[in-house]
Amino acid sequence: MAEENDNGQEKTEDPTARKQEKAREEGQIPRSRELTTTFILLAGTLGLLIFGPYMAHKLAGVVQFNFDLEREAVFNTEIMVEHLAASLYHGTLSMMPVLALLLVASIAGPIGLGGWLFSSKSMAPKPSRMNPLAGLKRMFSLKALMELAKALGKVILIMAVAVALLAIQQQDMIRLSDQEAVTAIKNSVWLSIVGAIALAAVTIAIAAIDIPFQIWDNSQKLKMSRQEIKDEMKDTEGKPEVKSRIRQLQREMAQRRMMSEVPKADVVITNPTHYSVALRYDPEGMSTPVLLAKGGDQTALKIREIARAHGIDIMESPVLARAIYYTTELDEEIPADLYMAVAQVLAYVFQLRNYRKGRGDRPQYPRNIPVPRNMRYD
């Protein structure tokens with residue numbers, strides 16, 4: 001049966017990427033203690049196999065060093081203290097390779113499932129964890145019973161293997177008392193290696209069962225209800241009315257910015273009732289005319305109004321106005337196919353300026369501005 005949230009809705013949906021990321025930030029990732037135990041036992045077994053002879057030799061030397069004492073040394077406390085310090089040093093030195101492997105395994109075990117993660121949120125104190133009622137609820141929950149059953153199963157299985165191993169090695173262990181110290185140490189090391197291999201094999205089987213369970217259990221905890229997904233979408237992308245208002249404000253800002261560029265234009269070309277485009281061309285600093293503003297309907301009327309207020313020439317050319325409107329974005333150069341048509345318009349505008357200044361004759365208004373067929377928009 002699917003879990004339910006506080007609103008009573010079933011959590012049947014897979015977690016979103018944001019939910020998974022948030023859970024990871026809070027330290028909620030699959031972890032397997034059995035995997036860590038297996039890593040440590042395997043590392044210990046590997047260490048005994050590789051460094052067992054070295055350890056046996058070193059420990060045998062420590063034993064011989066402690067039993068090979070002169071009579072005067074036994075009654076000299078200073079010598080005995082030095083003897084003890086030397087024994088501890090060499091004993092620890094003999095075990096250092098195995099201890100180093102165990103340290104690496106204790107770090108690699110948790111990383112093996114879930115990866116490396118340092119979460120300050122998971123370490124932060126939570127009042128809910130100190131609530132006695134919540135603690136009792138966790139103690140007698142279904143998960144707690146499953147953990148108890150799993151722990152009992154592990155103990156029973158490991159004890160069964162240990163008892164069987166002791167029964168098999170009983171005679172070998174008894175014979176250790178009849179052997180010389182050096183030989184007994186070497187044989188005890190090998191007996192320990194065999195025992196470690198057997199226990200490691202058991203933990204591998206337990207980990208193989210526990211890892212898929214932990215992954216499944218974590219995915220179940222992250223399940224979401226449909227309402228939670230909707231709420232997350234609202235939090236992530238914002239409410240529709242807020243988003244609509246933001247887009248409206250952005251459009252208004254962009255339009256105000258565009259309108260502020262219209263006074264810099266050299267000409268405004270219009271389709272008398274629907275489209276207006278404002279162009280600027282500086283022969284000395286620009287290679288191609290640039291579109292400063294464009295718009296349809298009310299925006300087109302506003303562009304013409306600003307153009308009239310600033311004395312900018314307005315020309316009617318429906319085909320050219322539509323062509324520029326549909327093919328050119330703001331602050332972009334006009335397409336190469338429209339060079340000839342725009343050149344005729346600008347030539348007329350510049351000649352008209354000269355005429356107004358008393359330089360030359362009045363130019364003839366261009367009637368048939370050539371616009372290629374592939375640039376015509378109805």
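Q: How many helices and strands does the secondary structure of the protein chain comprise?
A: The model is a predicted one. In the protein chain, both helices and strands are present. The secondary structure comes to 13 helices and 4 strands.

Q: What share of the residues in the protein chain is buried?
A: A residue counts as buried when its relative accessible area is under 20%. The protein chain has 378 residues. Of these, the buried residues make up 29%.

Q: Which part of the accessible surface of the protein chain belongs to carbon and sulfur atoms?
A: The accessible surface of the protein chain comes to about 24,800 Å². Carbon and sulfur atoms account for 59%.

Q: How is α2 oriented relative to α4, parallel or antiparallel?
A: Helix α2 spans residues 33-67 and helix α4 spans residues 77-112; their axes come within 8 Å and cross at roughly 170 degrees. Angles over 145 degrees count as roughly antiparallel. The relation of α2 to α4 is therefore roughly antiparallel.

Q: How many nonpolar residues are in the contact of α2 with α4?
A: The residues of this contact of α2 with α4 fall into three classes. The polar class has 12 and the charged class has 1. The nonpolar residues number 21.

Q: How far apart are the axes of α2 and α8?
A: Helix α8 covers residues 181-221 and packs against α2 at an angle of about 175 degrees. That angle makes α2 roughly antiparallel to α8. Their contact has 23 nonpolar, 6 polar and 4 charged residues. The distance between the axes of α2 and α8 is 7 Å.

Q: Which residues does N218 touch, not counting those up to four places away in sequence?
A: N218 lies in helix α8, and its relative accessible area of 12% makes it buried. N218 and Q28 are 190 residues apart in sequence, yet their C-alpha atoms are 7.7 Å apart in space. The residues that N218 touches are Q28, I29 and P30.

Q: What is the order of the strands in the open sheet?
A: The sheet has 4 strands with mixed pairing. Its edge strands, each pairing on one side only, are β3 (290-296) and β4 (313-316). From one strand to the next, the twist averages 20 degrees. The strand order is β3-β2-β1-β4.

Q: Which residue in β4 is the bridge partner of V267?
A: Strand β1 comprises residues 267-271, and 4 bridges join it to β4. The strands β1 and β4 run parallel. In β4, the partner of V267 is D313.

Q: At what angle does helix α13 run to β4?
A: Two helices lie across strands of the sheet. Helix α11 (residues 298-309) lies across β1, β2, β3 and β4, running at about 130 degrees to β3. Helix α13 (residues 339-356) lies across β1, β2 and β4. Its angle to β4 is about 140 degrees.

Q: What is the phi of D297?
A: Most residues other than glycine have a negative phi. D297 lies in the loop between β3 and α11 and is partly exposed, with a relative accessible area of 46%. Its phi is positive, near 55 degrees.

Q: Is D331 buried or exposed?
A: D331 is in the loop between α12 (318-327) and α13. Although D331 is not a glycine, its phi is positive, at about 65 degrees. Its relative accessibility is 59%, so D331 counts as exposed.

Definitions and conventions
Residues numbered from 1 in each chain as written. Predicted model: local features only at pLDDT ≥ 70, side-chain atom pairs only at ≥ 80, totals over all residues. Heavy atoms only, no water. Axes fitted to C-alpha atoms, helices over the stretch in contact; angles between N-to-C directions. Parallel < 35°, antiparallel > 145°, perpendicular 65-115°, else oblique. Nonpolar A, V, L, I, M, F, W, Y, C, P; charged D, E, K, R; others polar. Buried < 20%, exposed > 50% of the residue type's maximum accessible area, 1.4 Å probe, protein only. Areas by Shrake-Rupley, 256 points an atom, 1.4 Å probe, with all protein chains shown as cover. Pairing = 2+ DSSP bridges. Contact = heavy atoms within 4.5 Å.
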